[in-house]
Amino acid sequence: MTIEIAPEDVLVVVDMQYDFLPGGSLAVAGGDEIVPLVNALAKKFTHVVLTQDWHPADHVSFASQHEGKAPFQTIELEYGTQVLWPDHCVWNSHGAELSAELDIPHAQLIIRKGYDRAIDSYSGFQEADRQTLTGLAGYLGEREAGRLYIVGLATDFCVAWTAIDGAAGGFDVTVIEDATRAIDTGGSLQQAWADMKDAGVERIMSRQILG
Ligand code: VGL
Ligand code: ZN
């Protein structure tokens, strides 16, 4: 049974940037494998939005900014627990660029997130303080978006948070599982799928759209 994509449905392509691809500073295993799938899926959509992780060099999420801390350890910040990462997606660096292998010329919007040094932002909708909005919900509302389909990197962080916030915002949200890859640190992948399920996010495979 193939899922029909309607003209008002939107594909959200999350963080397909060199630092999350093999050879990058926060490489997600198999991240490059999903590029052809993302390109094929994008051809089914009239509307595509991209997100781009975009941090200043002294971003609070970087382990390098915290004496004695290593990547993948956590710290407590005002807005909650923060996983510490290797430096990644520093604005204007090569690692922050979207992969040139993406073939989505009809993508209409790029949402950059995580530009405030003191606040991380996994979600394409709002920063980790849960107060600062990115404008994506406003954009989708004004364009009268239908269902949201989400692909990209990483399943357990930016994909999951974007999906959950989309659902909380009243959108019908589906994650296309095989067009994502995960970081999976400290049980994060299992937790992310459980949280997405609780939020009412659907989970499908790309063949259900591509046939
Ligand atoms: C991401 C960790 C840090 C992601 C971004 O795109 O999933 N993960 N920044
Ligand atoms: Zn980041």
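# Chat about helix H3 and the sheet around it

Colleague: What covers the buried residues of H3?

Modeller: The cover over those buried H3 residues includes strands E1, E2, E6 and E7, plus helix H4 (188–198). Bear in mind that this is a predicted model.

Colleague: OK, and how many of the residues of H3 are buried?

Modeller: H3 spans residues 155–168, and 12 of its 14 residues are buried, so call it mostly covered. Among the buried ones are Phe-157, Cys-158, Trp-161 and Ile-164.

Colleague: What follows H3?

Modeller: Gly-170 comes after the helix, with a positive phi near 95°.

Colleague: And just before it? Which peptide bond there is cis?

Modeller: The one from Leu-153 to Ala-154, with omega near -10°. Ala-154 sits in the loop between E6 and H3. For context, most peptide bonds are trans.

Colleague: Let's talk ligand. Which residues are around ligand 1?

Modeller: Both residues of that cis bond turn up there, Leu-153 and Ala-154. The rest of the shell is Asp-15, Phe-20, Asp-53, Trp-85, Tyr-122, Phe-157 and Cys-158. Phe-157 and Cys-158 are also on the list of buried residues of H3.

Colleague: How does that shell split by class?

Modeller: There are 7 nonpolar residues, 2 charged ones and no polar ones.

Colleague: Back to the strands. What order do they have in the sheet?

Modeller: The order is E5-E2-E1-E6-E7-E8, an open sheet of 6 strands with parallel pairing. E5 (109–113) and E8 (202–204) are the edge strands; each has a single partner, so one side of each has no neighbour in the sheet. From one strand to the next the twist averages 25°.

Colleague: How many bridges join E6 to E7?

Modeller: 5, between residues 148–153 of E6 and residues 173–181 of E7, and the two strands run parallel. One of the partnerships involves Leu-153 again: its bridge partner in E7 is Arg-181.

Colleague: How many residues of E7 are buried?

Modeller: 7 of its 9 residues are buried, so E7 is largely enclosed by the rest of the structure.

Colleague: And E1, which way do its side chains point?

Modeller: Val-10, Val-12 and Val-14 go one way, while Leu-11 and Val-13 go the other. That fits the usual picture, in which side chains in a regular strand alternate between the two faces of the sheet. In E1, 5 of its 5 residues are buried.

Colleague: How does E1 pair with E2?

Modeller: In the parallel sense, over 5 bridges. Leu-11, for instance, stands opposite Val-48 in E2.

Colleague: What does helix H1 lie across?

Modeller: H1 (residues 35–42) lies across E1, E2, E6 and E7, and it runs at about 145° to E7. Val-38 is a good residue to look at in H1.

Colleague: Why does Val-38 count as buried?

Modeller: Because 25 C-beta neighbours lie inside 10 Å of Val-38, and the cut-off for buried is 20 or more. Leaving out neighbours within four places in sequence, its contacts are Val-13, Met-16, Leu-102, Val-151, Gly-152 and Ala-179.

Colleague: New topic. Which residues other than glycine have a positive phi?

Modeller: Two to look at are Phe-72, with a phi of about 80°, and Arg-130, with a phi near 60°. Most residues other than glycine have a negative phi.

Colleague: Where do they lie?

Modeller: Both are in loops: Phe-72 between E2 and strand E3 (74–77), and Arg-130 between E5 and helix H2 (136–142).

Colleague: Are they exposed or partly exposed?

Modeller: Phe-72 has 14 C-beta neighbours inside 10 Å, so it counts as partly exposed. Arg-130 has 12 and counts as exposed.

Colleague: Last one. What does UniProt place at residues 10–202?

Modeller: The unreviewed UniProt entry puts the feature "domain: Isochorismatase-like" there. In the model, that stretch is 21% helix and 21% strand, with its end C-alpha atoms 15 Å apart.

Note on methods: Residues are numbered from 1 along each chain as its sequence is written. Chains are lettered from A and ligands numbered from 1 in the order in which they are written. This is a predicted model: local features need pLDDT of at least 70, side-chain atom pairs count only at pLDDT 80 or more; totals for chains, interfaces and linings use all residues. UniProt positions are given in the numbering used here, feature names are shortened, and annotations may be inferred rather than shown by experiment. Helices (H or I, at least four residues) and strands (E, at least two) are DSSP runs, numbered from the N terminus. Two strands pair if DSSP finds at least two bridges between them. Axes are lines fitted to C-alpha atoms, for helices over the stretch in contact, and angles run from 0 to 180 degrees between N-to-C directions. Two residues are in contact if their C-beta atoms, placed from the backbone, lie within 7 Å. A residue is near a molecule or strand if its C-beta atom, placed from the backbone, lies within 6 Å of it. Ala, Val, Leu, Ile, Met, Phe, Trp, Tyr, Cys and Pro count as nonpolar, Asp, Glu, Lys and Arg as charged, and the others, Gly among them, as polar.
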